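User: Could you take me through one part of this model in some detail? I'd like a close look at one helix and its packing, and then a short tour of whatever helps to place it.

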Amino acid sequence: MFFLKSLLFPIFSPSFYKEAVDRGLKKAFAFFILFTIITTIGYSAINTVKIGSKVLNAEQYFQNFPSIEVRDGELTFDRPQPFEMVTDNNMYVGVDTTGILTEIPANNAQGFLFGKYSILFKTTEYPETQEITYTELLTSLEVDEIILNTEVLTEFAQQFGVIFLITLPVITFFWKLFTGIISIILFSLIGFVILSIAKHNNAFRKSFILTVYAAVPYTYILLIGYLLSSLIQSLSGVSQIGSGCCLFAIVWKLTRIGIFWTIGFIGIKDTK
């Protein structure tokens, strides 16, 4: 029964905080673990919907990807050739199975030229042009063929997405557990100073318990904010919503926890 009260009463009830302090540190810490599990389920549900929709529609991200196949020591490429590009760091990439391109341009210190039967490459460490045939490449990789196209990349992305969604709740739980403990300890130190000035016995213990339960409504605010930002992101296509200045974010976090911690302080102010 007290656990159910702990999910709601920290929002408004000073007397609840007094009861929580009387119940002790062990029960507060046990509640913190259980509450972290609950919030992990909430975050994971939001992420499953958000990421799962992208996983299901992974094909749209690879629609314009060319079909590249290496079989029997030959390369096939379904785009107009010769194909040439230079990256921002001056790396040359060329594809030509027609035989028009035969070398990497001299003004590019590094690059790759994919021909019909072999790859020419050079790097800044090895400026002399090197060559490896596709037969040698397949043998070294111990595969019969290499296929990169929309279907293959879509299947890989979906398989990776499923694995990621399965492991994400575990990662989320331990991250929330770690950051939650750190935040509670840091804020408890501030509360320790306040309770010490108010001449409370076991000041840090009381401050820690108050902070554990004061973090409940604060976590609700974060969870609702995360849900809303995810909805806005999905509807507007905005990839990220900024959280503002780091210092402001810290102060704002302390303020929100502090509001509910103060409710708890009111509940125990007549005790020592």
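Analyst: Happy to; what follows begins with helix α2 and its core, and then moves outward to the aromatic rings, the strands and the loops. Please keep in mind that this is a predicted model.

Let's start with α2 itself. Its buried residues are Phe16, Tyr17, Ala20 and Val21. Viewed along the axis of α2, these buried residues lie within an arc of 140°, so they line one face of the helix. The general geometry fits: an α-helix has 3.6 residues a turn, so residues three or four places apart point the same way. On the face turned away from the buried side, α2 carries the exposed residues Ser15 and Asp22. After α2 comes Gly24, with a positive phi near 100°.

What does the buried side of α2 belong to? Tyr17 is a good guide here. The largest nonpolar core has 28 residues, and Tyr17, Val212 and Tyr213 are the ones that touch the most other members. At least two residues of this core come from each of α2 (14-23), α3 (25-56), α5, α6 and α7 (246-268). The largest share is that of α6, which gives nine residues. Setting aside residues up to four places away in sequence, Tyr17 touches Pro10, Leu210, Tyr213, Ala214, Phe260, Ile263, Gly264 and Ile268. There is also a second, separate core of seven residues, with Val70, Phe77, Val95 and Ile119 among them.

Aromatic rings add another layer to the picture. Tyr17 and Phe16 both belong to a cluster linked by ring pairs, together with Phe2, Phe3, Phe9, Phe12, Phe31, Phe35, Tyr213 and Tyr220. One ring of that cluster, Phe2, has a charge over it: the charged end of Arg23 sits 4.2 Å from the ring's centre. A similar arrangement involves Lys176, whose charged end sits over the ring of Tyr43, 4.1 Å from its centre.

Across the whole structure, the search finds 22 aromatic pairs. One of these joins Phe77 and Phe83 in a tilted arrangement, with 6.1 Å between centres and 50° between the planes. Phe77 counts as buried, at 13% relative accessibility, while Phe83 is partly exposed at 32%. Another pair, Phe112 with Phe121, is stacked, at 6.4 Å centre to centre and 25° between the planes. Here Phe112 is partly exposed, with 30% relative accessibility, and Phe121 is partly exposed as well, with 27%.

Back to the helices for a moment, where two residues outside α2 are worth a visit. Ser230 lies in α6 and is buried, with a relative accessible area of 8%. Apart from neighbours within four places in sequence, Ser230 is in contact with Ile46 and Lys50. Trp175, in helix α5, has a relative accessibility of 54% and so counts as exposed, since exposed means over 50%. Trp175 and Asn47 are 128 residues apart in sequence, and their C-alpha atoms are 15 Å apart in space.

Now to the strands. β3 and β4 (residues 91-95) run antiparallel and are joined by four bridges. Within this pairing, Glu84 has Gly94 of β4 as its bridge partner. The two strands form a hairpin with four residues between them, and in the turn Asn90 has a positive phi of about 65°.

That brings us to the backbone. Most residues other than glycine have a negative phi, and most peptide bonds are trans. A few places here depart from that pattern. Gln81 and Pro82 are joined by a cis peptide bond, with omega about 0°, and Pro82 is in the loop between β2 (74-77) and β3 (83-86). Glu142 has a positive phi, near 60°; this residue lies in the loop between α4 (134-141) and β8 (145-148) and is exposed, at 73% relative accessible area. Asn202, also not a glycine, has a positive phi of about 50°. Asn202 is in the loop between α5 (150-197) and α6 (203-236), and with 51% relative accessibility it counts as exposed.

To return to your helix: α2 has one face lined by its buried residues, and Tyr17, one of those buried residues, is among the three that touch the most other members of the largest core.

How values were computed. Residues numbered from 1 in each chain as written. Predicted model: local features only at pLDDT ≥ 70, side-chain atom pairs only at ≥ 80, totals over all residues. Heavy atoms only, no water. Buried < 20%, exposed > 50% of the residue type's maximum accessible area, 1.4 Å probe, protein only. Core = buried A, V, L, I, M, F, W, Y, C linked by side-chain atoms within 4.5 Å. Contact = heavy atoms within 4.5 Å. Arc of directions from axis to C-beta. Pairing = 2+ DSSP bridges. Phe/Tyr/Trp six-rings, centres within 6.5 Å; stacked < 30°, edge-to-face > 60°. Lys NZ or Arg CZ within 6 Å of the ring centre and 35° of its normal.
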